[in-house]
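Work through these exercises with the model open. Try each task before reading its solution.

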Amino acid sequence: MNLARLCRQLVTALSLVVAGSAPAQTPPDPARPVQIGDRFYCQDRHLGTWFYCERPRVEESDTAAAPVPPAQTAAEKLDAITAELRELKARAILEPTPDNVTAYIRFQRAQLDRASLFGDVWQRALWQTPELDYTLQRPVGTVAKQQWSDARKVERDQALGRLGARYGLFYFFAQSCGACRVMSPIVKAVADTHHLTVRAISTDGGPSETFPRYTVETNQRARMGLTAKVTPAVVLFDSATQTAIPIGYGIIAADELMERIFLLTQRKAGSDY
């Protein structure tokens, strides 16, 4: 029994010696790369990356970290060109050295070339896109403009010839008005040509050589809602709606007077432009 107890004590002592001589377990260093692969081949011997025991470190490049500047818009580029042109001009004026003046002229010439190119492409685009070409509606060429004017005159005369059934003219004049002596025959000629009834109203009570059958004004303009007291004045009256439509004040040529009557009665605002 003493021999058995002695053996047990010897085993216990050897276990304590082995435990004391074993290396202590240290926590893993987070800064140190993690070893992968076989324990004996990699972890115990720490062979590193080139023996495929550590994962390669991915280093961030400086170019990837740098922010990418946003692309400049066309409007910003145009603003920059305008600003540079103004700066070069100001510098050439304030410091008119040959270099400054030459730099401004060169830059300005480059922008003129750019504008000329834009105008050329604009014109070519209109030639090839008829729905965008305004000259097809209002020609500017001599031959086309004459044809358009002739067709417009025929349309206008036909329309004015039908206005007498619905519209009439109020003509406000004054005996002391020199412009009225010029305007009165024009109003009468237009009215006679297109069979429009004219009611001449004297604002000062004086007679008119052109309109012997006139009426002295008794607040007619105020009842029509007209506030202007200018003479001569031509007003178109719509009997269907009982509304007054001022045509114009002062001396107006016969052709212009007919054109205004045509536009105000036959065209909506903006449709002819």
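Two strands count as paired if DSSP finds at least two bridges between them. The model used here is predicted.

**Exercise 1. State how β1 and β4 pair, and place both in their sheet.**

Solution.
- Start with the pair. β1 and β4 are joined by six bridges, in the antiparallel sense.
- Check one bridge. F172 has A233 of β4 as its partner.
- Now widen the view. The sheet is open and has five strands, ordered β3-β2-β1-β4-β5. Its pairing is mixed.
- Finish at the edges. β3 (215–216) and β5 (243–249) each pair on one side only.

**Exercise 2. Find which elements the buried residues of α7 pack against.**

Solution.
- List the buried residues of α7 (residues 178–193): C180, M183, S184, I186, V187, V190 and A191.
- Follow their contacts. They pack against β1 (167–173), β2 (198–202), β4 (233–238) and α9 (254–266).
- Set the direction. α7 lies across β1, β2 and β4, at about 170° to β1.
- Turn to α9. This helix lies across β1, β4 and β5, at about 150° to β5.
- Look past the end of α7. H195 follows, with a positive phi near 60°.

**Exercise 3. Describe the packing of α4 and α5.**

Solution.
- Two values are needed: packed helices are described by the angle and the distance between their axes.
- For α4 (residues 74–94) and α5 (residues 98–128), the angle is about 150° and the axes are 8 Å apart.
- Add the hand. The crossing is left-handed.
- Name the contact residues. Among them are I81, L85 and L88 of α4, and V101, Y104 and F107 of α5.
- Sort the contact by class. It has eight nonpolar, three polar and four charged residues.

Note on methods. Residues numbered from 1 in each chain as written. Predicted model: local features only at pLDDT ≥ 70, side-chain atom pairs only at ≥ 80, totals over all residues. Heavy atoms only, no water. Buried < 20%, exposed > 50% of the residue type's maximum accessible area, 1.4 Å probe, protein only. Helix = DSSP H or I, 4+ residues; strand = E, 2+ residues; numbered from the N terminus. Contact = heavy atoms within 4.5 Å. Axes fitted to C-alpha atoms, helices over the stretch in contact; angles between N-to-C directions. Left-handed = near helix turned anticlockwise from the far one by under 90°. Nonpolar A, V, L, I, M, F, W, Y, C, P; charged D, E, K, R; others polar.
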